[in-house]
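Here's a quick walk through this fold, from the overall build down to the strands and helices. Have the structure open as you read.

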Amino acid sequence: MNDDAIKQYLEDLLPVRNKFFQGLEQFAKEHRVPIMEPTGIAAMLQMMKIQKPKQILEIGTAIGYSALRMADALPDTKVVTLEMDDIRVEQALSNIQLLGVERQIKVIKGNALDLYDEVAAHGMYDAIFIDAAKGQYIKFFEMYRELLTENGCIYTDNVLFKGLVAQTDTPNKRLASLVGKINAYNRWLMDNKRFDTVILPVGDGLAVSRKRTGVGNE
């Protein structure tokens with residue numbers, strides 16, 4: 001079975017995004033801005049619609065694509081999103097204004113590892129979405145799980161990293177190091193006693209980690 005053919009088949013089945021989101025997708029493609037793949041974000045949004053989070057924390061805003069898709073799919077949900085790149089912050093704020101969801105999405109500029117107190121000031125989160133520096137995934141998870149509500153979920157993108165996590169050889173040393181860190185994160189997730197995790201082979205790989213009932217953050 002051809003994985004690329006299945007991927008294309010599933011993408012073709014997805015509802016057509018409106019012109020606003022199509023424009024963001026085209027911009028991301030032309031400027032090589034990493035955004036979630038269509039099947040990956042479709043799967044995550046469907047799970048969030050079932051979960052119905054009141055507040056979501058996103059680590060890694062980029063141009064605001066995922067935050068805007070979440071806000072659009074969950075109009076009663078607030079999204080707090082973190083981004084350290086000045087240009088990306090400005091692009092995200094512009095896109096948020098264009099969609100008219102300034103009251104729904106709060107962008108906080110800075111390194112996510114330095115923003116805990118400011119993020120905590122906005123309250124607890126029913127869902128956390130990690131989509132930033134892959135080498136820092138464990139640190140992001142460990143830091144911000146403290147702000148996850150009971151029965152909350154943490155979603156992590158790119159955990160299959162274009163299939164490289166399943167290969168014994170990688171093209172170069174830099175990629176080999178990154179693949180090693182993602183592999184370590186995946187194994188760490190699966191061994192984490194505080195969360196039940198499943199890794200879905202959609203998009204670039206989506207990990208869904210649900211906080212175990214009755215397990216605290218200690």
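## Burial and overall build

Of the protein's 218 residues, 44% count as buried. Keep in mind that this is a predicted model. The exposed surface comes to about 11,600 Å², with carbon and sulfur atoms supplying 52% of it.

In secondary structure terms, you're looking at 8 helices and 7 strands. The radius of gyration is 17 Å, close to the 17 Å that the globule rule gives for 218 residues, so the protein is as compact as a globular protein of that length. Its C-alpha trace spans about 45 × 45 × 35 Å along the principal axes. Take the contacts between residues at least 6 apart in sequence: 68% of them join residues at least 24 apart.

## The sheet

How are the strands ordered in the sheet? Reading across, you go S3-S2-S1-S4-S5-S7-S6, an open sheet of 7 strands with mixed pairing. S3 (105-109) and S6 (195-200) sit at the edges with a single partner strand each, so one side of each is left without a neighbour in the sheet. On average, neighbouring strands are turned by 15° against each other, direction ignored.

A bit of background helps here: strands of a sheet pair through backbone hydrogen bonds, either parallel or antiparallel. At the S3 edge, S2 (residues 78-83) pairs with S3 in the parallel sense over 5 bridges. Val 79 has Ile 105 in S3 as its bridge partner.

## Around S7

Over at the other edge, S6 and S7 pair in the antiparallel sense over 6 bridges, and Leu 200 stands opposite Leu 206 in S7. The S6 and S7 hairpin has 5 residues between the strands, and Gly 203 in this hairpin takes a positive phi near 60°.

S7 also pairs with S5, again antiparallel, over 5 bridges. Here Ile 154 has Ser 209 in S7 as its bridge partner. Is S7 enclosed or open? Of its 6 residues, 5 are buried, so S7 is largely enclosed by the rest of the structure.

## Helices against the sheet

Two helices are worth tracing over the strands. H4 (residues 65-73) lies across S1 (55-59), S2, S3 and S4 (125-130), running at about 165° to S1. H8 (residues 173-191) packs on the sheet too, touching S4, S5 (148-157), S6 and S7 (206-211). The direction of H8 makes about 135° with that of S6.

## The buried face of H7

Which residues of H7 (residues 137-144) are buried? They are Tyr 137, Phe 140, Phe 141 and Tyr 144. Seen down the axis of H7, these buried residues fall within an arc of 95°, so they line one face of the helix. The spacing rule is a familiar one: an α-helix has 3.6 residues a turn, so residues three or four places apart point the same way.

Conventions. Residues are numbered from 1 along each chain as its sequence is written. This is a predicted model: local features need pLDDT of at least 70, side-chain atom pairs count only at pLDDT 80 or more; totals for chains, interfaces and linings use all residues. Side-chain values use heavy atoms; hydrogens and water are left out. Two strands pair if DSSP finds at least two bridges between them. Helices (H or I, at least four residues) and strands (E, at least two) are DSSP runs, numbered from the N terminus. Axes are lines fitted to C-alpha atoms, for helices over the stretch in contact, and angles run from 0 to 180 degrees between N-to-C directions. Contact means heavy atoms within 4.5 Å. The radius of gyration is taken over C-alpha atoms; the globule rule is 2.2 Å times the number of residues to the power 0.38. Buried means under 20% relative accessible area, exposed over 50%, partly exposed in between (1.4 Å probe, protein chains only). Accessible areas come from the Shrake-Rupley method with a 1.4 Å probe; for residues, only the protein chains shown count as cover. The arc is that of the directions from the helix axis to the C-beta atoms.
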